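Got the viewer open? Let's walk through this one stop at a time, with something to select at each.

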Amino acid sequence: MTTSGEYDRDAILREFLDFLRSVDFAALPVKEFAPFPKQYTALETIEARFWYAPANYWTLPRFQARAHAYAPESLASRVVQTLQDKRVKRYAGSPVWLALYMTDMLGVPEHSLDVLHGVQVDFSPFEKLLVGDQRAVLVYTRHRRTN
Amino acid sequence: MDTEGDRIAVVRHAAPENYSELIAQTMYEGVELQNVVHDFRNDPRHDARFTQPYSERNAVGYLLVTAGYYKANLFSEKPPLPDVRAELADGTTVYIETAEVIESPSAQFEGVLRFLNVGIARARDEDSALDAKLNGHDLNAERG
């Protein structure tokens with residue numbers, strides 16, 4: 001990261017491509033994670049590691065996420081904030097539902113649903129609110145008061 | 001009860017076991033999803049992100065199936081209508097506004113990963129020497 005806390009993605013890409021162009025594959029450890037050589041300072045800054053294996057198929061080198069810590073409450077708060085942003089707008093059509101799709105690659109949305117379940121949520125003007133991902137969904141349904 | 005005095009019911013649904021099969025039966029503008037051509041923002045060899053309307057229909061379709069609404073027919077709409085019009089299997093039509101929920105540190109991280117992977121794919125496409133060198137080798141990286 002830079003001193004401002006942002007990733008120097010140009011330097012990371014430049015160094016990774018330089019590594020690919022200069023590396024002697026025969027000298028790399030096989031099927032284990034290893035740090036990049038010290039001269040790649042941008043890669044070292046983000047504690048990047050690589051994994052290598054000979055292959056008889058076409059592959060494209062890729063950067064991926066590593067296991068990490070996270071807080072389910074944080075994504076749940078983000079759901080509530082997004083809900084509030086959507087509630088202040090006005091929509092044509094009827095009935096209107098709201099579908100909030102959790103795609104956080106650093107979190108586990110199902111755990112955030114555990115946090116949300118039981119919390120009182122005001123989702124007017126929507127008739128129905130769906131929150132979740134491809135594994136689990138909370139469905140909030142409004143039953144209109146009749147006088 | 002909410003602030004308008006209406007009663008609110010909350011139900012949690014887990015995805016059905018045949019989720020993929022049911023997703024494939026969801027329709028986009030009358031065409032079953034399994035037959036829909038993906039709508040990418042850019043050349044998918046470099047950047048596999050979908051267009052916003054396509055992503056919105058995906059998000060709605062995924063949530064509807066997980067919630068038990070099968071074989072919906074989805075249409076993209078423009079404001080002031082919500083993002084998607086859904087014709088449900090029971091014959092009713094609903095309008096669905098949608099949004100992705102993602103934390104900003106995660107969004108920033110995802111953006112960096114996408115930038116790196118697009119850059120790597122482009123470099124391999126444009127540099128025949130690099131392309132030849134990578135043949136027969138599987139190398140991936142991860143950040144801390």
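A residue counts as buried here if 20 or more other C-beta atoms lie within 10 Å of its own, with C-beta atoms placed from the backbone. With that cut-off, buried residues make up 31% of the 147 residues in chain A. Keep in mind as you click around that this is a predicted model.

**Stop 1: chain A on its own**

Show chain A as a cartoon and hide the rest. You'll be looking at four helices and six strands. Trace the chain from its start and the elements come in the pattern α-β-α-β-β-α-β-α-β-β. Now think about contacts between residues at least 6 apart in sequence: in chain A, 57% of these join residues at least 24 apart.

**Stop 2: the nine-strand sheet**

Bring chain B back. Which strands make up the nine-strand sheet, and in what order? Going across, you'll pass E1(B)-E6(A)-E5(A)-E4(A)-E6(B)-E5(B)-E4(B)-E2(B)-E3(B), an open sheet with mixed pairing. At the edges stand E1 and strand E3 (31-32) of chain B; each has a single partner strand, so one side of each has no neighbour in the sheet.

Start at the E1(B) edge. Select residues 136-143 of chain A, which are strand E6, and you'll find eight bridges joining this strand to E1(B), with the two running antiparallel. For a pair to zoom in on, put A:Val137 on screen with B:His13, which stands opposite in E1(B).

Next, select residues 96-102 of chain A (strand E4) and residues 93-101 of chain B (strand E6). These two pair in the parallel sense, over seven bridges. Two spots to label are A:Tyr101, which stands opposite B:Glu100, and A:Trp97, whose bridge partner in E6(B) is B:Ile96.

Keep B:Ile96 selected, since B:Val84 also has this residue as its bridge partner. That takes you to strand E5 of chain B, residues 84-87, which pairs with E6(B) in the antiparallel sense over four bridges. The hairpin of E5(B) and E6(B) has five residues between the strands, and B:Gly91 in this hairpin takes a positive phi near 95 degrees.

While you have side chains displayed, here's a general pointer: in a regular strand they alternate between the two faces of the sheet.

**Stop 3: a helix across the sheet, and the core**

Select residues 72-87 of chain A. This is helix H3, and it lies across E4 and strand E5 (128-132) of chain A together with E6 of chain B, running at about 135 degrees to E6(B).

Now pick A:Leu100. What does this residue touch, leaving out residues up to four places away in sequence? From chain A there are A:Val79, A:Thr82, A:Leu83, A:Leu130 and A:Val131, and from chain B there are B:Ala99 and B:Val101. A:Leu100 is also one of the residues with the most contacts inside the largest nonpolar core, which has 44 residues; others on that list include A:Ala99, B:Val60 and B:Leu63. A second, separate core has 19 residues, among them A:Tyr7, A:Phe36, A:Ile46 and A:Phe63.

**Stop 4: the four-strand sheet**

Hold on to A:Phe63, which stands opposite B:Ala141 in E7(B). Zoom out and you'll see an open sheet of four strands, ordered E1(A)-E2(A)-E7(B)-E3(A), with mixed pairing. Strand E1 (33-35) and strand E3 (63-64) of chain A are at its edges, each with a single partner strand, so one side of each is left without a neighbour in the sheet. E3(A) pairs with strand E7 of chain B, residues 137-142, in the parallel sense over two bridges.

Then click A:Phe33, in strand E1 of chain A. Buried, exposed or partly exposed? A:Phe33 has 13 C-beta neighbours inside 10 Å, so the label is partly exposed. Not counting residues up to four places away in sequence, A:Phe33 touches A:Arg49 and A:Trp51. Try a distance too: the C-alpha atoms of A:Phe33 and A:Phe50 are separated by 5.4 Å, although the two residues are 17 apart along the chain.

**Stop 5: where the chains meet**

Colour by chain. You'll have 59 residues of chain B in contact with 68 residues of chain A. On the chain B side, the largest share, 14 residues, comes from H3(B). By class, that side has 34 nonpolar, twelve polar and 13 charged residues.

**Last stop: chain B's domains**

Colour 19-96 of chain B as domain 1 and 104-134 as domain 2. Their C-alpha centres lie 28 Å apart.

Notes: Residues are numbered from 1 along each chain as its sequence is written. Chains are lettered from A and ligands numbered from 1 in the order in which they are written. This is a predicted model: local features need pLDDT of at least 70, side-chain atom pairs count only at pLDDT 80 or more; totals for chains, interfaces and linings use all residues. Domain bounds come from an automatic or database domain assignment. Two strands pair if DSSP finds at least two bridges between them. A residue is buried if 20 or more other C-beta atoms lie within 10 Å of its own, exposed if 12 or fewer, and partly exposed in between; C-beta atoms are placed from the backbone. Two residues are in contact if their C-beta atoms, placed from the backbone, lie within 7 Å. Ala, Val, Leu, Ile, Met, Phe, Trp, Tyr, Cys and Pro count as nonpolar, Asp, Glu, Lys and Arg as charged, and the others, Gly among them, as polar. A nonpolar core is a set of buried Ala, Val, Leu, Ile, Met, Phe, Trp, Tyr and Cys residues joined through C-beta atoms within 7 Å. Axes are lines fitted to C-alpha atoms, for helices over the stretch in contact, and angles run from 0 to 180 degrees between N-to-C directions.
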